[in-house]
Amino acid sequence: MPNLRVLLIDDQPSILMLVQALLERTVPGVHVITAESAAEALHLLQEEPCDIVLSDVSMPGEDGFFVLKQVKRQWPGLPVVLMSGASLSHEAHTAGANGFLLKPFSFDQFHATVTAVTALQRETIGIHCNYLA
């Protein structure tokens, strides 16, 4: 996946650093953009296009479901993977997420989900991707 641009959203700086390091060590050519809130993330998306959004669900203010709704409205082909410590896979699917990761997730789960979602996105540009759990 060369030149993959990932927007990573989490209100916990330690999680941002951990997931960013995981991406940078395992995905060749990745460019990770981080945001600590939904508002910051949506502002960044206006300025820099991305290939995938990875968002925590539970954040102060607007949550990951708000991010998902806004992304699907403004950038309908952009895949969103939600992440949470709560088992919200069904809710994420119902809301239109392209994937869901239950924290703490394993490296294999993380890599498989990101790889599958970005592969689907590239194959189906402009078409809603299948949900991955």
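Phe105 and Phe110 are both buried, and these two residues offer a convenient way into this structure, which is a predicted model. When the whole structure is searched for aromatic pairs, 1 is found. The partners are Phe105 and Phe110, whose ring centres lie 5.3 Å apart and whose planes meet at 15°, so the pair counts as stacked, the limit for that class being under 30 degrees. Those two values are the ones to look for, because a pair of aromatic rings is described by the distance of the centres and the angle of the planes.

Just before Phe105 in the numbering comes a further feature of the backbone, for Lys103 and Pro104 are joined by a cis peptide bond with an omega of about -10°. As general background, most peptide bonds are trans. Pro104 itself is found in the loop that runs between strand S5, residues 99–102, and helix H5, residues 107–123.

From here one can step back to the chain as a whole. The protein chain contains 5 helices and 5 strands, and, followed along the sequence, these elements are arranged in the pattern β-α-β-α-β-α-β-α-β-α. The chain has 133 residues, of which 42% count as buried. Among the contacts in the protein chain with a separation of 6 or more, 64% are made by residues 24 or more positions apart.

Two of the helices can be followed as they pack together. Helix H2, residues 38–47, and helix H3, residues 64–74, meet at an angle of about 20°, and their axes are 10 Å apart. H2 is therefore roughly parallel to H3, a description that applies to angles under 35 degrees. The crossing in which H2 passes H3 is right-handed. On the side of H2 the contact is made by Ala38, Leu42, Leu45 and Gln46, while H3 contributes Phe66, Val67, Gln70, Val71 and Gln74. Sorted by character, the residues of this contact of H2 with H3 comprise 6 nonpolar and 3 polar ones, with no charged residue.

Two single residues in other helices show how burial can be read from relative accessibility. His90, which belongs to helix H4, residues 89–95, has a relative accessibility of 60% and therefore counts as exposed, since the class begins over 50%. The C-alpha atom of His90 is separated by 9.0 Å from that of Phe100, a residue 10 positions away along the chain.

Thr118, by contrast, is placed in helix H5, and its relative accessible area of 1% is under 20%, so Thr118 counts as buried. How far apart in space are Thr118 and Val80, C-alpha to C-alpha? The distance is 9.8 Å, although 38 residues separate Thr118 and Val80 in sequence.

How values were computed
Residues numbered from 1 in each chain as written. Predicted model: local features only at pLDDT ≥ 70, side-chain atom pairs only at ≥ 80, totals over all residues. Heavy atoms only, no water. Axes fitted to C-alpha atoms, helices over the stretch in contact; angles between N-to-C directions. Helix = DSSP H or I, 4+ residues; strand = E, 2+ residues; numbered from the N terminus. Parallel < 35°, antiparallel > 145°, perpendicular 65-115°, else oblique. Left-handed = near helix turned anticlockwise from the far one by under 90°. Contact = heavy atoms within 4.5 Å. Nonpolar A, V, L, I, M, F, W, Y, C, P; charged D, E, K, R; others polar. Phe/Tyr/Trp six-rings, centres within 6.5 Å; stacked < 30°, edge-to-face > 60°. Buried < 20%, exposed > 50% of the residue type's maximum accessible area, 1.4 Å probe, protein only.
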